[in-house]
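Colleague: Before I rely on any of the labels in this structure, could you take me through the reasoning behind them?

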Amino acid sequence: MFIDSHVHFDLCLENKDLSEENLIDELQKNDICYAVHVSIDNNGLSWAYEFSKRHKGVFYSIGIHPSSKAGVDDLHQVSAFINRIMSSGDSMDLFGIGETGLDFYRMNQPRDIQIRSFEYQVGLAKKWDLPLIVHSRDAFDETIRVLREKSPNSGIMHCFSGDRAMATRILDLGLYISFAGNLTYKNAHNLHDAASFIPLDMILLETDAPFLTPVPFRGKRNRPKYVKHTYEYLAILRNESLLRVEDSLYQNFTNLLKNRGGK
């Protein structure tokens, strides 16, 4: 069984050739037992909640991406939304907080605003004992500094794109490391080395669909069903059986589920 630990179903559905029923049917036909729909701004909070409710095995996260144009009021809305969910006894499908973090590549928000937003969302994850889903692009040192100072209880460095030394710094913080479809790219040598080095019990895989489509579908819009190709690549890379990779990553994901404060 496969798990897509990070997918944007709403963005996938911007492709008018796809329907919600298509995507969910593809999960079932490709043995994807769990998927996490990841929110990036306040506009998607209610959609994420309702989408998850409609589909067994689909969890959701709530948070504000560092590139989203969001201010203090938006962060307070996220906090209020989480408070309602956690206080209602209806939190089983809420996986975590995020996608949050720092993005100094796009710089759609000033550095200081990104940092304040990231720190605030780390605080929410700690308050409710939920996994933190971290985005970091061209901001690794600052991301590590915030994580070290604010110490989330658990979390995932999503779409890891670094090397072995960077992976070690993340592991030292106790976070899982998730690889997307770019792991399968021929010239991603640092990723290949890191994925071979990281203990299997600290790895997750994702599509980040509709982005970062794995080989052999690179060039097309990504979708959750393609995650199995990244699983297959990881197994070959590590000289492990596909079954062992599947079982280990299933255990990693379910450990995160079991340890949520709102379960």
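Modeller: What follows deals with ring pairs, a charge over a ring and the largest pocket.

Modeller: This is a predicted model, in which local features need pLDDT of at least 70, side-chain atom pairs count only at pLDDT 80 or more, and totals for chains, interfaces and linings use all residues. Residues are numbered from 1 along each chain as its sequence is written, and side-chain values use heavy atoms, with hydrogens and water left out.

Colleague: Why is the pair of F160 and F179 called edge-to-face?

Modeller: Rings of Phe, Tyr and Trp (its six-membered ring) pair if their centres lie within 6.5 Å, and planes under 30 degrees apart count as stacked, over 60 as edge-to-face and the rest as tilted. The centres of F160 and F179 are 5.8 Å apart and their planes stand at 90 degrees, so the pair is edge-to-face. By this rule there are 11 aromatic pairs, and Y34, F59, F95, Y250 and F253 form one aromatic cluster.

Colleague: What makes R137 a charge over the ring of Y105?

Modeller: The rule asks for NZ of Lys or CZ of Arg within 6 Å of the ring centre and within 35 degrees of the ring normal; R137 lies over the face of Y105 at 3.6 Å from the ring centre. Likewise, R111 lies over the face of F104, at 4.1 Å.

Colleague: Which residues lie closest to the centre of the largest pocket?

Modeller: Of its 27 lining residues, D103, R106, H135, R137 and H158 are the closest to the centre.

Technical notes. 1 Å grid on protein atoms, 1.4 Å probe; cavity = no way out; pocket = protein on both sides within 12 Å on 5 of 7 lines; lining within 4 Å.
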